[in-house]
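Trainee: Could we go through this model together, one question at a time?

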Amino acid sequence: MASLTVRQLDEALKQQLRLRAARNGRSVEDEVRSILREAAGETEAPAQPAAPAASAAATSQARVLLIIGGGIAAYKSLDLIRRLKERGYAVRCILTQAAAEFVTPLAAGALAGGRVYTDLFNPDHEFDVGHIRLARETDLVVVAPATADLMAKMAQGLVGDLATAVLLATRAKILLAPAMNPAMWSHKATQRNLSQLKADGVALIGPNAGEMAERGEHGKGRMAEPLEIAGAVDRLLKAETTLQPLKGKRILITAGPTHEPIDPVRYIANRSSGKQGYAIAAAAAEAGASVTLISGPVTLRKPDGVNVIEVESARDMLGAVETALPVDIAIFAAAVADWRVANAGEQKIKKQAGAAVPQLSLTENPDILSTIAHRSKDRPPLVIGFAAETENVIANAKAKLARKGCDWILANDVSPATGIMGGDSNTIHLVTKDGVDDWPPQSKEEAAAMLIAKIAATIGKDRP
Ligand code: CTP
């Protein structure tokens, strides 16, 4: 069989082929195949993009578009290409102009096993694949190294070259592996851009702390190692698939304690830190849900991409929850005070010599979870509560599930010895009408990720 390479054809013919391929939305190679099929008398297949990455998708090979930015860490990105290929990903590469000062397109292309894209205005590239197809025909975009300049442009939505055009045009998840001098990393401008990018849903790996390429420079700014980045790619692509059902779902979460006033300066509170509810909100937003977090008074940083509504008392919290309806899923993680002071003072209660100690009279607060779970109108299809217990954890949780009318209860033992209340870890028992699932002791972030994955799997089956 004779072998034919498009590259060996004369320039005029190549140009014609590119134009024809671009018109049909094919790669040049596929255009040639199609012409040959036609000439051999086969019926022509309908025009459709069939670049190497697209055919990879057909064989369920996940597609990673690696954008290599201009920094000394770019040399590590060559190893990253190998690591990604080892894992079976179809890898396409874009090199920024600055990156080409550190690594060559030839080296990146040889490792990726395909052409490397460098120029937005190169007609060869545009007619062959084009920046829009590069942006669309991928499951994940990785920017490594993500320089301060690239991050600033992304945060602003600026487009000046192929890399930034693709970053703006893609609908795929983006993972950044920042690498820069520690002073540049900690600069307020970079941190501001970083916050914006996180709020936009961009994922991050690194940077790590350590020796920098420049002599004597030390600090945070080293690019994560290729294996770490490949690990993050694995996790994100897995999450993209498993968490897909949560994309665009409206999730309402309550978190933290409530403060019940005694007078304008004093209140009754509890030891809840809000960490578990905040971790759930962060994980839900990360999964692409539209999250409203109704939070009692806490000292935590607001999770990126979450609409946080701050309240004080149980009654404020109920009002905010009702205003946020309808939602698809409601998770009640707040440690709501069961009672409030019935005779709260309008003015500060004063000590008076010889006078009796003031007596607080308590009255019951509304049960927010139970109120929402028993609504006939706008009851969220999946209502999840917590059970904070100090004894008979499972039995009490089962009773709460029935009494409050919710679908799932996450029960945990909040006895002081467990350190769960206010601490960083949690041991959860998921109680549903189908039984009890004991989760391992884990960080509150891990517990949140497990809950979000469980919800995604459940609504994915379309049956809460
Ligand atoms: N809850 C609520 N409103 C309340 C009290 C509790 O929404 N006024 C919710 C909590 O957010 C949690 C669940 O109900 O999801 C169980 O809270 P928990 O404190 O464990 O139970 P209580 O209802 O307070 O019952 P008890 O104090 O008797 O254990």
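The exchange below turns to the ligand shell and then to one sheet.

Mentor: This is a predicted model, in which local features need pLDDT of at least 70 and side-chain atom pairs count only at pLDDT 80 or more, while totals for chains, interfaces and linings use all residues. Residues are numbered from 1 along each chain as its sequence is written.

Trainee: Which element supplies the largest share of the shell around the ligand?

Mentor: The ligand is surrounded by 15 residues, where a residue is near a molecule if its C-beta atom, placed from the backbone, lies within 6 Å of it. Helix H15 (368–373) and strand S17 (382–389) each supply at least two of them, helices (H or I, at least four residues) and strands (E, at least two) being DSSP runs numbered from the N terminus. The largest share, four residues, comes from S17.

Trainee: Which are the edge strands of the open sheet of eight strands?

Mentor: The order is S13-S12-S9-S14-S17-S18-S20-S21, with mixed pairing, and two strands pair if DSSP finds at least two bridges between them. Pairing on one side only marks the edge strands, S13 (307–310) and S21 (435–438).

Trainee: In which sense do S9 and S12 pair, parallel or antiparallel?

Mentor: Strands of a sheet pair through backbone hydrogen bonds, in either sense. Isoleucine 253 stands opposite leucine 293 in S12. Over six bridges, S9 (residues 250–255) and S12 (residues 290–295) pair in a sense that is parallel.
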